[in-house]
Amino acid sequence: MKSIRAEGLRFLAGGAVNTAISYVAYLAALVVMPYVAAFCISFGTGIVVAFVINSRFVFRTPLVWRKLWGVSIIYVMQAVIGLGLLIFWVELIKIDKRIAPLLNV
């Protein structure tokens, strides 16, 4: 039971770190490209960071890069929904494009 609790805490910590890295990547990309492209770049960054964090830190397993393709299918679905929400927040609700991705979290 103790290892499950520790794994859960590592999962939450890893998610927080990944969210922060993805958001910083979004803000950095936003300086040089439109917000839709910045979202796509940051989401791709988040997929790779999540894979590394979950493999090495959370579940303590070796990195097997071919497994990344399997989990990427789920992430692509999340990206499509997240992008739709981002466009909704920015274009229809008129929320600042720097803040809008935080609403998706």
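This report walks through a predicted model of one protein chain, from its overall layout down to single residues.

## The overall layout

Let's start with the big picture. The chain has four helices and zero strands, so to speak an α-α-α-α pattern when you read along the sequence. If you follow the C-alpha trace along its principal axes, the chain spans about 45 × 30 × 25 Å. There are 105 residues, and buried ones make up 29% of them.

What about the outside? The accessible surface comes to about 7,000 Å², and 74% of that belongs to carbon and sulfur atoms. As for how the chain folds back on itself, take the contacts with a separation of 6 or more: residues 24 or more positions apart account for 56% of these.

## The cores

Which residues form the largest nonpolar core? Ten of them do: Tyr26, Ala29, Leu30, Tyr35, Ala38, Phe39, Leu83, Leu86, Val90 and Ala100. Helix H1, helix H2 (35-58) and helix H3 (66-92) each supply at least two residues of this core. Apart from this core lies another one, made of five residues, including Ala50, Phe51, Leu68 and Tyr75. Here is a general point to keep in mind: in soluble globular proteins, nonpolar side chains tend to be buried together.

Tyr26, one of the ten residues in the largest core, is a good place to zoom in. Leaving aside neighbours within four places in sequence, Tyr26 is in contact with Tyr35, Ala38, Phe39, Ser42, Leu86, Lys97, Arg98 and Pro101.

Now move to Ile47 in helix H2. Is Ile47 buried or exposed? Ile47 is buried, because its relative accessible area is 13%, under the 20% cut-off. Not counting residues up to four places away in sequence, Ile47 touches Leu68, Ser72 and Tyr75. Two of these names, Leu68 and Tyr75, also turn up in the five-residue core.

## Far along the chain, but how far in space?

Two pairs of residues let you compare sequence distance with C-alpha to C-alpha distance.

| Pair | Apart in sequence | C-alpha to C-alpha |
|---|---|---|
| Ala6 and Val58 | 52 residues | 8.8 Å |
| Ile47 and Ala79 | 32 residues | 9.9 Å |

Ala6 is found in helix H1 and counts as partly exposed, at 30% relative accessibility.

## Charged residues

How many salt bridges does the structure hold? There is one. In this salt bridge the side chains of Asp96 and Arg98 meet, with 2.6 Å from N to O. Asp96 is partly exposed, with a relative accessible area of 33%, and Arg98 is partly exposed too, at 47%. Arg98 is also on the contact list of Tyr26.

Then there's Arg10, which lies in helix H1 (residues 2-30). Arg10 is buried yet has no salt bridge. Why not? The nearest side chain of opposite charge, Glu7, is 4.2 Å away, and a salt bridge needs a nitrogen and a carboxyl oxygen within 4 Å, so this pair does not count. Leaving aside neighbours within four places in sequence, Arg10 is in contact with Phe57, Val58 and Arg60.

## Two loop residues with a positive phi

Most residues other than glycine have a negative phi. With that in mind, look at two residues in the loops. Arg60, the contact of Arg10, lies in the loop between H2 and H3. Arg60 has a positive phi of about 55 degrees although it is not a glycine. At 57% relative accessibility, Arg60 counts as exposed, because the cut-off is over 50%.

Lys94 is found in the loop between H3 and helix H4 (100-104). Lys94 is not a glycine either, and has a positive phi of about 65 degrees. With a relative accessible area of 62%, Lys94 is exposed.

## A nonpolar patch on the surface

Nonpolar side chains also show up on the outside of this model. Which residues make the nonpolar surface patch of about 470 Å²? Ile81, Leu85, Phe88, Leu92 and Ile93 do. Phe88 has its place in helix H3, and at 33% relative accessibility this residue counts as partly exposed. Helix H3 also supplies at least two residues of the largest core.

Terms used
Residues are numbered from 1 along each chain as its sequence is written. This is a predicted model: local features need pLDDT of at least 70, side-chain atom pairs count only at pLDDT 80 or more; totals for chains, interfaces and linings use all residues. Side-chain values use heavy atoms; hydrogens and water are left out. Buried means under 20% relative accessible area, exposed over 50%, partly exposed in between (1.4 Å probe, protein chains only). Lys and Arg count as positive and Asp and Glu as negative; His and the chain ends are not counted. Contact means heavy atoms within 4.5 Å. A nonpolar core is a set of buried Ala, Val, Leu, Ile, Met, Phe, Trp, Tyr and Cys residues joined through side-chain atoms within 4.5 Å. Accessible areas come from the Shrake-Rupley method with a 1.4 Å probe; for residues, only the protein chains shown count as cover. Patches are made of residues with over 30% relative accessible area and no salt bridge: like charges are joined within 9 Å, nonpolar side chains (Val, Leu, Ile, Met, Phe, Trp, Tyr) within 5 Å.
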